[in-house]
2 protein chains.
Amino acid sequence: MKIEMICTGEEVLSGQIVDTNAAWVANTLMESGYELSRKTTVGDRLDDLVGAFTESAARADLVIVNGGLGPTSDDMSAEAAAQALGEPLVMFDQWRTVMEQMFAARGRTMTSSNLKQAMLPASAVVVDNPVGTACGFRVKLGGAWLFFTPGVPHELFRMVKEQLLPFLIDQDPLNGGTVKVHKLLTLGQAESAMANEIDDIPMSCPEGVTIGYRASMPHIEVKLFHRARVDEAQWQAYLAEVKSALGDSLVGENQKSMGEIVHSLLVERGETLALAESCTGGMVADQLVTLAGSSAYLLGSLVTYSNSAKQSQCGVKAETLEQFGAVSLETVAEMAQGARRALGSDVGVSISGIAGPDGGTEEKPVGTVCFCVCSDRGHWSQTLAFGSGANRSRTLVRKLSAAVALDMLRRLLLGLDPIADYPFLKRVDARRL
Amino acid sequence: MKIEMICTGEEVLSGQIVDTNAAWVANTLMESGYELSRKTTVGDRLDDLVGAFTESAARADLVIVNGGLGPTSDDMSAEAAAQALGEPLVMFDQWRTVMEQMFAARGRTMTSSNLKQAMLPASAVVVDNPVGTACGFRVKLGGAWLFFTPGVPHELFRMVKEQLLPFLIDQDPLNGGTVKVHKLLTLGQAESAMANEIDDIPMSCPEGVTIGYRASMPHIEVKLFHRARVDEAQWQAYLAEVKSALGDSLVGENQKSMGEIVHSLLVERGETLALAESCTGGMVADQLVTLAGSSAYLLGSLVTYSNSAKQSQCGVKAETLEQFGAVSLETVAEMAQGARRALGSDVGVSISGIAGPDGGTEEKPVGTVCFCVCSDRGHWSQTLAFGSGANRSRTLVRKLSAAVALDMLRRLLLGLDPIADYPFLKRVDARRL
């Protein structure tokens, strides 16, 4: 079954909004074994929409259309569908009633612009949207189903799960399960070097498995796609080889983020955490607090962005700041220990660095970041030089810093040496006490 | 001039990576007055790439191709271009030398897989990439230029600015400047209600101006596109009407984020800031620290996620927590004042709420969030109920909380009442002292 997706909206096409809906749909389909063969994005112009619908319908069996079902004048998916079909738009009283009830339940009055949302092509089959006023629908154009979904993410997500996927499985039950993906999350290695290491594995890649690399800074994800049934023993042996080739760069397996990895470990082990953040500025705490249940272990983070805050909140000594500077192994050690003491946690983690674009010196250029993790088991600190220049923006330095800090914590929790060898990140100094 | 974009890569098509490159390119083109008419995304399959190149070239004058120029086996843009052209791939010694010098300068040896990056279609014109090994190039297919750019963001960005835009302006100098966009950032109003308010403005929209709405939670952006030359006086009058219709919901004009808005105000006014964050968990600090120069005003943020941290770091009284709870006007007042005192700042801002999915009670359901801003001018606190359910995820509650906190700060700095009337956000309680 050939599936395409069409995303509509001037704001998606013009780059004012990043198309996370399409990524989510593709991801969700893939988890059920369906692949998109193409995605097209067009703006809110009737001719372009009609053209895209007609062209995709000629190529594919199912075309998922996203967006353009709202109440405003730039929402014209239903009108374009009607035109592509050569049909009139008609009022679907069934949906009008649903909308009226929805507004009544919220104690609001329905605006006249909402009425438009019940006007669908005459041959449309209504697809329920239990959480919004945008009515989903599907129509058959030539040999293809066009399946229209709302642009509001949580409405789309629900419609895909409850309506589109069951429809898809019903249309093409055999396709399910042929595509799977196994993901290895890496940190601190370059894509080309990684590809060479993996290419050099003596064992060849099992038939039906293909490898992809995706850079999502600060990580590169190695993705092993199964496009056919793969021999299990051969697959396991190959996977083990790939993982060993990645060495310390491998930080997670089928996990989305450093935050999730550390979150599950901390919850599992029942250890509590205190953070002291300078250049990451709350980013590490945010990556944990975003996960429900983080209150079980995260006592707090002292975002001590100024020197005075480092002193007053973490108890960093004035002499330490004066003698070694805010970005030094000595300062991060006092920050981590201070945060741990102030908040009474099992583990303390600290970060202090020069994110740029200014603030660098010859001795400590932009991109120099110090880290410390400490617990009753000891304390480990290191200085990494992430470098500066076009490919080392302030944001990237900060994201790398958050990732390394969380990876040091991960390694501590797993009983590994918290100071890892990342082939592509330069270590300037390290201390183990 | 008709411009299309083709994004390549299994990881983009399969949704493993969100396509921020395309958004950036579209945005950058629009700022120079050029619009994309279509964007197509295809995976790493040779036939699909050849098909997409051929189809876009038949429709457009310029096709920007992104990605697939890397050293690994899934990078096949050059090969597909050669096939679409009916030409062989040949080694471009010019680029091979550039790569060798690049590796030498970094003290690394060039891997054999990099050699592939110098193999281009015979008729290709090399486009320089000063920051990476992926060689850009352009070829003429039928009547259209195909312009190939690297997938690594900072390499792409530089190539677009230094090579693609000048090329485009050279090809079509008259097109520049016809599309402009004026953006109004809003908070706390629904899209349909906003559209109705704007539709109800007695003055009609000037010819050549179109309106778009983009939901990028927690904000909705109202975008006024100029697609032709517009009468300036008429435009200014209309803009004033739209802004007045938005009321307190209007939080920024041609500014990207609450962080940027507050950042410029604080830098301009020279006031210092201390934060105390609970449910936002460092998100507010992170939104400021991401901006270079934030150290001028941000002293720190006390991410006091646990009750004990609220006491030890912000000096919240045990009795206050016991009597009113962590999510109360009393607690946020002590948090804001405590952070301000502990860090010695001009302004203090605090947030404490129930982000969910658990932790709600009948009296304080999930989505209940308390805020306080304080300075020598006084102190203002309020409780908002963001609601729960499908459209109020933990992430959304936290993003709304960060946005409201920053908006209270913005209003304080501008001398407005920090407690605003957002039509779509329910206020439970407020206190002005």
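Start with helix α8 of chain B, residues 191-199, in this predicted model. Colour B:Met194, B:Ala195 and B:Ile198, the buried residues of the helix. Look down the helix axis: the three cover an arc of only 100°, which puts them on the same side of α8(B). Now show what covers them. From chain B, the covering elements include β9 (180-187), β10 (209-216), β11 (219-226) and α9 (232-246). The cover also includes an element of chain A, namely α6 (112-115).

**From α6 of chain A to Lys116**

Follow chain A onward from α6 into the loop that leads to β5 (119-121), and select A:Lys116 there. Is A:Lys116 buried, exposed or partly exposed? A residue counts as buried with 20 or more other C-beta atoms within 10 Å, and as exposed with 12 or fewer. A:Lys116 has 18 within that distance, so A:Lys116 is partly exposed. Add A:Gln83 to the selection, 33 residues away along the chain, and draw a distance between the two C-alpha atoms: the separation is 16 Å.

**The whole of chain A**

Zoom out to chain A alone. Its C-alpha trace spans about 80 × 60 × 40 Å along the principal axes. A cartoon view of chain A should show 15 helices and 18 strands. Chain A has 433 residues, and 52% of them count as buried. Consider next the contacts in chain A with a sequence separation of 6 or more: 67% of these are between residues 24 or more positions apart.

Colour chain A by domain. Domain 1 takes residues 3-171, domain 2 takes 180-253 and domain 3 takes 258-432. Between the C-alpha centres of domain 1 and domain 2 of chain A the distance is 36 Å.

**A hairpin in chain A**

Select strands β10 (209-216) and β11 (219-226) of chain A. In which sense do β10 and β11 of chain A pair, and over how many bridges? The pairing is antiparallel and runs over 8 bridges. The connection between β10(A) and β11(A) is a hairpin of 2 residues. For a facing pair, show A:Arg214 with A:Glu221, its opposite in β11(A).

**Asn254 in both chains**

Move on to A:Asn254, in the loop between β12 (250-253) and α10 (258-269) of chain A. The backbone is the reason to stop here: phi of A:Asn254 is positive, about 55°, although the residue is not a glycine. With 9 other C-beta atoms within 10 Å, A:Asn254 is exposed.

Then select B:Asn254, in the loop between β12 (250-253) and α10 (258-269) of chain B. Its phi is near 55°, again a positive value in a residue other than glycine. B:Asn254 is exposed, with 9 other C-beta atoms within 10 Å.

**The cis peptide bonds**

Which residues does a cis peptide bond join in chain A? The bond lies between A:Gly356 and A:Pro357, and omega is about 0°. To find the place, go to the loop of chain A between β15 (347-353) and β16 (368-375), where A:Pro357 lies. In chain B, a cis peptide bond joins B:Gly356 to B:Pro357, with omega about 5°. B:Pro357 lies in the loop between β15 (347-353) and β16 (368-375) of chain B.

**Where the two chains meet**

Display both chains and select the contact between them: 78 residues from chain A and 77 from chain B. On the side of chain A that touches chain B, helix α2 (residues 20-31) of chain A gives the most, with 8 residues. Coloured by class, that side of chain A has 31 nonpolar, 32 polar and 15 charged residues. Of the interface residues of chain A, 99% are also interface residues in chain B, so the copies meet through the same surface.

Next, pick strand β14 (residues 298-304) in each chain. The two strands run antiparallel and are joined across the chains by 5 bridges. To see one facing pair, show A:Thr304 opposite B:Gly300 in β14(B).

Finish by superposing chain A on chain B. The operation is a rotation of 180° with 0.0 Å of shift along its axis, and the RMSD is 0.0 Å. The two copies are thus related as by a two-fold rotation axis.

Definitions and conventions: Residues numbered from 1 in each chain as written. Chains lettered and ligands numbered in written order. Predicted model: local features only at pLDDT ≥ 70, side-chain atom pairs only at ≥ 80, totals over all residues. Least-squares fit on C-alpha atoms with pLDDT ≥ 70 in both. Contact = placed C-beta atoms within 7 Å. Domains from an automatic or database assignment. Helix = DSSP H or I, 4+ residues; strand = E, 2+ residues; numbered from the N terminus. Nonpolar A, V, L, I, M, F, W, Y, C, P; charged D, E, K, R; others polar. Pairing = 2+ DSSP bridges. Arc of directions from axis to C-beta.
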